[in-house]
Amino acid sequence: MRRPQLDIQLKTPEQIELMRAAGLVVARALRRMREAVAPGVSTADLDAIAEATIREAGAVPSFKGYHGFPASICSSVNEQVVHAIPSSTQVLQEGDLISIDCGAVLDGWHGDAAITVGVGEVEPALLKMAAVAEDAMWAGIAAAARGAASGKGRLTDISHAVETAVRQGGRYGIVDGYGGHGIGTEMHQDPHVLNHGRPGKGPRLVPGMALAIEPMITMGSPRTTELADGWTVVTRDRSMAVHVEHSMALLDDGVWVLTAEDGGRARLGDLVTARQPADSPAV
């Protein structure tokens, strides 16, 4: 099924189960990369871990070859916001922040998620910014779950919840022009999910929707520019940036965070669908 106008793909519960399998592949790859992050490790080293993890699961890295992108992850360090290309010459140093975005396609269905990780000892203010982005992402997911449950939720309720959480967390720039998206049989689908805005606008939040929620915030200006490689997006003022993301789906009885190993249970509690076992083991 597809909703008119925005061409929003609605999934059946069985299709969401397939998306969960792809999401767990992404979760496993991100966990292994998180464990590997350390001073002296290159972003190419992390890319190799991701590709090996994805392929051993019988999946395919969805980023590799996407509009010509040459790698399995985006590895954005410090002032790099999103879409940075892994390189053997970009070696992580003590105090860096790295945002790792990873996607996989399994049996035709996509998973997409991102984490921000500190390298060694990192300034507390930077770790706080990463935590604020994480909290904002979960606030957006919770807003989607509550909106679908009430039957009154609209897409921009997510945007408003993300923005509100960021504003409550401190004085950060919310990157404009980039945001979340629908996900399913393609990595990027309608609708675009902004990280700011007034609530109560856009399409209704209904069971079958699958969305990637991904706040991107900075320590300074929200304005960005793209580098000459045609991919890497950096802050114009070169302030530090963070990026986090989860893919989630709405069902009749709650939300399922497809790229979280626990399905979102620790952060969302009873908002999570019964399809996600309460004692689900890590993958």
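**Figure 1. The lining of the largest pocket in this predicted model.** Start with who lines this pocket: ten residues are nonpolar, three are polar and seven are charged. The model we're looking at is a predicted one. The space inside the largest pocket comes to about 400 Å³. Its lining is made of 20 residues, and R34, I115, E134, H246 and T259 sit closest to the centre. Which elements give two or more residues to this lining? They are helix 1 (13-36), strand 7 (109-118), helix 3 (124-150) and helix 5 (265-268).

**Figure 2. The second largest pocket.** Here there's about 340 Å³ of space. The lining counts 22 residues, and the ones nearest the centre are Y66, H83, D101, H188 and E214. Sort the lining by class and you get nine nonpolar, nine polar and four charged residues.

**Figure 3. The cavity.** How do you look for empty space in a protein? Rolling a probe the size of a water molecule over the atoms shows where such space is left. Searching the whole structure turns up one cavity of 30 Å³ or more, and the volume of this largest cavity is about 30 Å³. Residues you'll find around it include I8, Q9, K11, G182 and I183, along with M209, A210 and L211. Which strand supplies the largest share of the lining? That's strand 10, with three residues. Strand 2 (8-9), strand 10 (189-193) and strand 11 (210-213) each chip in at least two residues. By class, the cavity lining splits into six nonpolar, three polar and two charged residues.

**Figure 4. A cis peptide bond at P191.** Zoom in on strand 10, where P191 is found. The bond leading from D190 to P191 is cis, and its omega is near 0 degrees. Most peptide bonds are trans, so a cis one is worth a second look. You've met both residues already: D190 and P191 are among those lining the largest cavity.

**Figure 5. D7 and N78, two residues with positive phi.** As a rule, most residues other than glycine have a negative phi. D7 isn't a glycine, yet its phi is positive, at about 60 degrees. You'll find D7 in the loop between strand 1 (2-3) and strand 2. With a relative accessible area of 38%, D7 is partly exposed. N78 also has a positive phi without being a glycine, with a value near 60 degrees. The home of N78 is the loop between strand 4 and strand 5 (80-82). Is N78 buried or exposed? N78 counts as buried, because its relative accessibility is 15% and the cut-off for buried is under 20%.

**Figure 6. S75 and its surroundings.** S75 belongs to strand 4, which runs over residues 73-77. How much of S75 is accessible? Its relative accessible area is 0%, so S75 counts as buried. Which residues does S75 touch, once neighbours within four places in sequence are left out? The contacts of S75 are T43, Q80, A84, I85, P86, Q90, I98 and S99.

**Figure 7. K64, in the loop before strand 4.** K64 sits in the loop that links strand 3 (60-61) and strand 4. Its relative accessibility is 38%, so K64 counts as partly exposed. Setting aside neighbours within four places in sequence, K64 has contacts with E51, R55, F69, P70, A71 and S72. Now find C74: K64 and C74 are ten residues apart in sequence, and their C-alpha atoms are 9.9 Å apart in space.

**Figure 8. Stepping back to the whole protein.** To place the close-ups, zoom out and you'll find five helices and 17 strands. The C-alpha trace spans about 50 × 40 × 35 Å along its principal axes. Why does the radius of gyration fit a compact globule? A compact globule of 283 residues would have a value near 19 Å, and the protein has 17 Å, which agrees. Of its 283 residues, 55% count as buried. The accessible surface adds up to about 11,600 Å², and carbon and sulfur atoms own 51% of that. Finally, take the contacts between residues at least 6 apart in sequence: 68% of them join residues at least 24 apart.

Key:
Residues numbered from 1 in each chain as written. Predicted model: local features only at pLDDT ≥ 70, side-chain atom pairs only at ≥ 80, totals over all residues. Heavy atoms only, no water. 1 Å grid on protein atoms, 1.4 Å probe; cavity = no way out; pocket = protein on both sides within 12 Å on 5 of 7 lines; lining within 4 Å. Points joined across faces, edges and corners; volume = space filled by probe spheres on them. Helix = DSSP H or I, 4+ residues; strand = E, 2+ residues; numbered from the N terminus. Nonpolar A, V, L, I, M, F, W, Y, C, P; charged D, E, K, R; others polar. Rg over C-alpha atoms; globule rule 2.2 N^0.38 Å. Buried < 20%, exposed > 50% of the residue type's maximum accessible area, 1.4 Å probe, protein only. Contact = heavy atoms within 4.5 Å. Areas by Shrake-Rupley, 256 points an atom, 1.4 Å probe, with all protein chains shown as cover.
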